[in-house]
Amino acid sequence: MSETRVHLSKTEPTAYQALDAFSRTVGEICSANGIDDRLKEIVMIHCSQLNGCAYCTRIHFDRAATAGVDADTLLQIPTWRESGVFSDRERAALELAEAFTFIHDGGIPDDVYDRVGSVFTEKEYAALSWACVSINAFNRVVVAGRYPVPPRVATA
């Protein structure tokens with residue numbers, strides 16, 4: 001991934017700033033509607049992993065750690081169905097994240113909508129849905145632009 005691509009946030013900063021403002025609004029909606037940072041960041045990570053977006057995955061891993069998500073939980077996000085570390089709310093949110101990320105495969109299936117809807121209120125469902133829309137938009141900007149993700153430098 002050494003090829004340089006157009007960096008959309010630099011080439012058209014107004015559009016990127018609008019996307020960033022949208023993302024902040026979504027964060028406020030999540031907070032107001034009972035979606036805590038732990039749950040929101042788990043969703044952001046999973047969408048980013050599914051989209052192959054290393055850049056956003058790293059950002060949201062860091063934010064999840066700040067929100068108190070432990071390393072074991074972070075490592076098990078890709079295998080959430082087989083893992084026992086996630087609550088019913090987290091499992092429902094992860095399933096919704098997959099449905100939104102792969103929405104081109106037939107939308108949100110009725111069974112997913114019903115399962116997720118049995119766990120979350122309408123306001124929580126809407127907040128999580130907007131979170132999925134937001135991170136999927138960022139993933140597309142970043143993946144298309146091949147934003148670099150260099151190794152971290154160890155600090156002494």
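Arginine 146 takes a positive phi of about 50 degrees, just after helix H8. This is a predicted model, so please treat the angle as computed.

Helix H8 itself covers residues 122-145, which is 24 residues. From first C-alpha to last, H8 reaches 35 Å, close to the 34 Å expected at 1.5 Å a residue.

Next, the annotation. The unreviewed UniProt entry places a domain, "Carboxymuconolactone decarboxylase-like", at residues 17-99. Over that stretch the chain is 73% helix and 0% strand, and the C-alpha atoms at its ends are 27 Å apart.

Now the largest pocket. Its volume is about 380 Å³. The lining has 18 residues, and those closest to the centre are Asp20, Ser23, His60, Arg63 and Phe138. Which helix gives the most to this lining? H2 does, with six residues. At least two residues each come from H2 (13-32), H3 (37-50), H4 (54-66) and H8. By class, the lining has nine nonpolar, four polar and five charged residues.

Last, the cysteines. A search of the whole structure finds zero disulfides. Cysteine 47 is in none, and its nearest cysteine sulfur belongs to cysteine 132. Why is there no bond between the sulfur of cysteine 132 and that of cysteine 47? Because the two sulfurs are 4.2 Å apart, which is too far; the cut-off for a disulfide is 2.5 Å. Are these two residues buried or exposed? Cysteine 47 is buried, with a relative accessible area of 0%, and cysteine 132 is buried too, at 1%.

Terms used:
Residues numbered from 1 in each chain as written. Predicted model: local features only at pLDDT ≥ 70, side-chain atom pairs only at ≥ 80, totals over all residues. Heavy atoms only, no water. UniProt positions renumbered as here; feature names shortened; annotations may be inferred. Helix = DSSP H or I, 4+ residues; strand = E, 2+ residues; numbered from the N terminus. Expected span 1.5 Å × (residues − 1). 1 Å grid on protein atoms, 1.4 Å probe; cavity = no way out; pocket = protein on both sides within 12 Å on 5 of 7 lines; lining within 4 Å. Points joined across faces, edges and corners; volume = space filled by probe spheres on them. Nonpolar A, V, L, I, M, F, W, Y, C, P; charged D, E, K, R; others polar. Buried < 20%, exposed > 50% of the residue type's maximum accessible area, 1.4 Å probe, protein only.
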